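Got the viewer open and a selection box ready? Let's walk through this one a stop at a time.

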Amino acid sequence: MAVTAQEVEAVTINADVESCGLHVSIGTSKNGISAIQALKVVHGMRDPADGLLRKTLTTVLNAWGSDPTSWDGTMLRAVAIVIHRNWDTIDLSSLSLTLK
């Protein structure tokens with residue numbers, strides 16, 4: 001609904017999610033993220049142009065795949081915090097392997 005209304009935050013989040021081959025979902029589905037609040041929190045942690053949301057989603061996707069269990073809101077926020085706090089030094093490939 002927010003995307004249809006062209007709300008900037010919703011449109012930006014949706015674009016980031018879709019750029020990872022995923023979609024925002026109201027229920028659980030493969031490639032579908034229903035943890036809307038977590039997406040909003042991660043989106044707001046840094047300037048959206050930095051790409052934290054995309055980096056978080058890509059890291060989780062590489063670690064656990066696109067199964068619906070990969071998209072737990074608490075885990076999305078936790079991975080985002082690790083990336084955010086180690087922004088200048090983090091190796092996302094290594095993080096994915098560690099999480100795997």
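**Stop one: the cavity lining**

The residues lining the largest cavity split into four nonpolar, two polar and three charged. Keep in mind as you click around that this is a predicted model.

To see that lining, select Asp16, Val42, His43, Arg46, Asp47, Pro48, Gly51, Leu52 and Leu53. Now colour by helix: H2 (36-45) and H3 are the elements that each give two or more residues to this lining. How much space is enclosed here? The volume of the largest cavity comes to about 50 Å³. Don't go hunting for others of 30 Å³ or more, since the structure holds one cavity of that size.

**Stop two: Arg46 and Trp87**

Stay on Arg46, one of the lining residues you just selected, and add Trp87 to the view. Where does the charged end of Arg46 sit? Look over the ring of Trp87: the charged end is there, 3.8 Å from the ring's centre. While you have a ring on screen, how many aromatic pairs does the structure hold? The count is zero.

**Stop three: Thr56**

Next, select helix H3, residues 52-64, and pick out Thr56 within that helix. Is Thr56 buried or exposed? Its relative accessible area is 1%, so Thr56 counts as buried.

To see what surrounds Thr56, skip residues up to four places away in sequence and show its other contacts: Val42, Leu76, Val79, Ala80 and Ile83. You've met Val42 already, as it is also among the residues lining the largest cavity.

Definitions and conventions:
Residues numbered from 1 in each chain as written. Predicted model: local features only at pLDDT ≥ 70, side-chain atom pairs only at ≥ 80, totals over all residues. Heavy atoms only, no water. Helix = DSSP H or I, 4+ residues; strand = E, 2+ residues; numbered from the N terminus. Buried < 20%, exposed > 50% of the residue type's maximum accessible area, 1.4 Å probe, protein only. Contact = heavy atoms within 4.5 Å. Phe/Tyr/Trp six-rings, centres within 6.5 Å; stacked < 30°, edge-to-face > 60°. Lys NZ or Arg CZ within 6 Å of the ring centre and 35° of its normal. 1 Å grid on protein atoms, 1.4 Å probe; cavity = no way out; pocket = protein on both sides within 12 Å on 5 of 7 lines; lining within 4 Å. Points joined across faces, edges and corners; volume = space filled by probe spheres on them. Nonpolar A, V, L, I, M, F, W, Y, C, P; charged D, E, K, R; others polar.
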